[in-house]
Amino acid sequence: MKKKILALTLAIICAAGAFTAVTAVEQPVKTEAVTKKKAPSINKVYSAVKKAYGENYLPNTRLSKDEIKTRYGISSKWYSGAIAEVPMINVQIDELVIVKAKDTSSKKKIKSALLSYQKELQEDTFQYPANQLKLQASKVYVKGDYVCFFVLGSISNEQSQQEESKVIDAYKAETAKAVKAIQKLYK
């Protein structure tokens, strides 16, 4: 009798366990959906940066793929989109480069090319003195698949008459406008 009760108890326990297992499988698993915001288009990035500077946005000549390759050393094989603008007048140095890399390897190559270009500009002794300070505040910026180069913005005559470090800081504040404009697109 004890063996029958024990066997019956075990059978009930096993059946209850199997029922629980089946019930657990049948119930949907609840997970929190993590929404990843889609990266903005290159035109949205460009428009946001341009808008951040308003009438102080000076680059007005768009470069072709060949010109981008020649000027910056960036192969069109490395990107899915690129916008590069420079001013028509060569005494101005404002520049905007936005490149959407195809992959991580390409992103590294683009960043390296833009850093080399930036260094070359900063070391160019034939730059106008006022431009030299603005170049010190230039920035290579990476966000998502985008690699950018900024030499943008303007400061007041009063700011430009201060000591060099303050002038560079004023230009860095101008450069930060482009960074903030892009960051807003990712929020």
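**Charged and aromatic side-chain contacts**

Glu-174 comes out as buried in this predicted model, because its relative accessibility of 11% falls under the 20% cut-off. Its side chain meets that of Lys-177 in a salt bridge, at 3.1 Å from N to O. Lys-177, in contrast to its buried partner, counts as partly exposed, with 32% relative accessibility. Both residues sit in helix α7 (residues 164-185), where they are 3 residues apart, or about one turn of the helix.

The count of salt bridges comes to 4. Another of them joins the side chains of Glu-95 and Arg-71, with 3.5 Å from N to O. This one links distant parts of the chain: Glu-95 belongs to strand β3 (residues 95-101) and Arg-71 to helix α3 (residues 65-72), 24 residues apart. Here again the accessibilities are mixed, since Glu-95 is buried at a relative accessible area of just 3%, while Arg-71 reaches 36% and so counts as partly exposed.

Next door in sequence to Glu-95, Asp-94 has a salt bridge of its own. Its partner is Lys-134, and the closest N and O atoms are 2.5 Å apart. This pair, too, links distant parts of the chain, with Asp-94 in the loop between β2 (79-86) and β3, Lys-134 in helix α5 (residues 129-136), and the two positions 40 residues apart. Asp-94 and Lys-134 are both buried.

Turning to the rings, a search of the whole structure gives 3 aromatic pairs. In one of these, Tyr-72 and Tyr-117 meet edge-to-face, with 4.7 Å centre to centre and 75° between the planes. Tyr-72 is in helix α3 and Tyr-117 in helix α4 (residues 104-123), so this contact ties together parts that are 45 residues apart in sequence. Both tyrosines are buried. The pair of Tyr-141 and Phe-150 is tilted instead, because the planes lie at 35°, with the ring centres 6.3 Å apart. Tyr-141 is buried at 9% relative accessible area, and Phe-150 is buried at 0%. Ring pairs also bring Phe-149 into a cluster with Tyr-72 and Tyr-117.

Charges and rings meet as well. Arg-62 lies over the face of Tyr-46, at 4.9 Å from the ring centre. Lys-143 lies over the face of Tyr-186, in this case at 5.0 Å from the ring centre.

Key:
Residues numbered from 1 in each chain as written. Predicted model: local features only at pLDDT ≥ 70, side-chain atom pairs only at ≥ 80, totals over all residues. Heavy atoms only, no water. Helix = DSSP H or I, 4+ residues; strand = E, 2+ residues; numbered from the N terminus. Buried < 20%, exposed > 50% of the residue type's maximum accessible area, 1.4 Å probe, protein only. Phe/Tyr/Trp six-rings, centres within 6.5 Å; stacked < 30°, edge-to-face > 60°. Lys NZ or Arg CZ within 6 Å of the ring centre and 35° of its normal.
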